[in-house]
Amino acid sequence: MAGERVRWGVLATGGIAGAFTADLIDLPDAEVVAVASRTEESAKAFAERFGIPRAYGDWESLAADEDVDVVYVATPHSAHRTAAGLCLEAGRNVLCEKAFTLNSREAEDLVGLAKERGSFLMEAMWMYCNPLIRQLKALVDEGAIGEVRTVQADFGLSGPFPPTHRLRDPAQGGGALLDLGVYPVSFAHLLLGEPSEVMARAVLSDESVDLQTGMLLSWESGALASLHCSLVGGTSTSASVTGSEGRIDIPSGFFHADRFVLHRDGRDPQEFTASAADGTQASLKHEAIEVMRCLNAGETESPLVPLDGTLAVMRTLDAVRNRVGVTYPGEAAPL
């Protein structure tokens, strides 16, 4: 489908689905042709809001719609395996929100299914598609700060979230780790790959989901990552990577970075900033642009968000949950 307009379906109608759809309709090569929800009422309201021609009150109808080139799955992550799997089984390409699934077993199921069907599959890790994060990674890969020694990143919200909120609901994969911690973990993976050892401590809620979690990851190179996520305290959402010859700091909002500062020994600090087109909200557009580039090129996965990397992140999240004792209904202990 090289050079063709890409027709999108949106599965779910929550806040992130709305934000992504708003960005999609601003892209000249994208067309949102259908939306699905568990209820027809919700689907129709979403369709009217964004001018989408077809609204389905069930997921199966969207998955079966042959006019849809790719489905954006924006359900809670507890439903990602079912929703994305349904679309892949029907021959649709899929962009699936993060955390990609509840655990690595489910993630492996989806990746295996996509490969079996020859369909495109990508985790919606918009941070990886942000041009400024790509520039930061290139600098690190080129040796701008020498050999990486430490990574630090945090993501916390002040709350408070009541027990009825999805973030505290075990049935929806609640807790800080899968919703927020996936970003610091993915940032460390982007720079260092999969760790050789994982240590973690958490404070659990009465519902047995993590209210805040601290992680220490280590690599055979000697590198360490200190990461934190929280539902009970708003953090700076800052990140830094320190090497043998310098440091890069993202002062705030690292997962949608619009600036970072490169510090190198014996030199003045150098600031890198995003262009107006690469601002915070535009990061969702870059994610969509990457999906459409892959589809038009006939690629079944993105080099920016490779499936092996997604699986590695899920294994690390599993390891953290094993250390802190968080499991979800119907789930055996994570790997």
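This is a dialogue between a student and a tutor about reading a predicted protein model.

Student: What should I know before I start looking?

Tutor: The model is predicted, so local features need pLDDT of at least 70, side-chain atom pairs count only at pLDDT 80 or more, and totals for chains, interfaces and linings use all residues. Residues are numbered from 1 along each chain as its sequence is written, and side-chain values use heavy atoms, with hydrogens and water left out.

Student: Okay, how many helices and strands does the protein chain have?

Tutor: Helices (H or I, at least four residues) and strands (E, at least two) are DSSP runs, numbered from the N terminus. Here you get ten helices and 14 strands.

Student: How do I judge the overall shape, say from the radius of gyration?

Tutor: That radius is taken over C-alpha atoms, and the globule rule is 2.2 Å times the number of residues to the power 0.38. For 335 residues, a compact globule would come out near 20 Å, and the protein chain agrees, with 20 Å. Along its principal axes, the C-alpha trace spans about 60 × 45 × 35 Å.

Student: And what share of the residues is buried?

Tutor: Buried means under 20% relative accessible area, exposed means over 50%, and partly exposed is in between (1.4 Å probe, protein chains only). In this chain, buried residues make up 55% of the 335.

Student: What do contacts tell me about residues far apart in sequence?

Tutor: A contact means heavy atoms within 4.5 Å. Of the contacts with a separation of 6 or more, 65% are between residues 24 or more positions apart.

Student: Let's do the sheet. In what order do its strands sit?

Tutor: Two strands pair if DSSP finds at least two bridges between them. Eight strands make an open sheet here, in the order 8-9-10-7-11-12-13-14, with mixed pairing. Strand 8 and strand 14 (270–273) are at the edges with a single partner strand each, so one side of each has no neighbour in the sheet.

Student: How much are neighbouring strands turned against each other?

Tutor: Axes are lines fitted to C-alpha atoms, for helices over the stretch in contact, and angles run from 0 to 180 degrees between N-to-C directions. For neighbouring strands of this sheet the average turn is 10°, direction ignored. Then look at helix 10 (residues 307–324): that helix lies across strand 8 and strand 9, at about 55° to strand 8.

Student: Which strands does strand 11 pair with?

Tutor: Strand 7 is one partner, antiparallel and joined by five bridges; along that pairing, glutamine 152 stands opposite serine 240 in strand 11. Strand 12 also pairs with strand 11, again antiparallel over five bridges, and valine 241 has isoleucine 248 in strand 12 as its bridge partner. Strand 11 and strand 12 form a hairpin with two residues between them.

Student: Is strand 11 (residues 239–243) mostly covered or mostly open?

Tutor: Mostly covered: four of its five residues are buried.

Student: What comes after strand 12 in the sheet?

Tutor: Strand 12 (residues 246–250) pairs with strand 13 (residues 259–264), antiparallel over four bridges, and aspartate 249 faces valine 261 there. Strand 13 is then joined to strand 14 by four bridges, also antiparallel, with leucine 262 opposite glutamine 270. The hairpin of strand 13 and strand 14 has five residues between the strands, and in that hairpin glycine 266 takes a positive phi near 80°.

Student: Last topic: how do I spot a salt bridge?

Tutor: Look for a side-chain nitrogen of Lys or Arg within 4 Å of a carboxyl oxygen of Asp or Glu. The whole structure has 22 of them. One joins glutamate 40 and lysine 44, 3.1 Å from N to O; both lie in helix 2 (residues 40–50), four residues apart, about one turn of the helix.

Student: Which salt bridge links two helices?

Tutor: Try glutamate 89 and arginine 117, with 2.3 Å from N to O. Glutamate 89 lies in helix 4 (residues 80–89) and arginine 117 in helix 5 (residues 104–117), so the pair ties together parts 28 residues apart in sequence.

Student: And where can I find one between loops?

Tutor: Glutamate 207 and arginine 168 form one, with their closest N and O atoms 3.1 Å apart. Glutamate 207 lies in the loop between strand 8 (197–204) and strand 9 (210–218), and arginine 168 in the loop between strand 7 (148–156) and helix 8 (176–192), so this pair ties together parts 39 residues apart in sequence. Glutamate 207 is partly exposed at 22% relative accessibility, whereas arginine 168 is buried at 14%.
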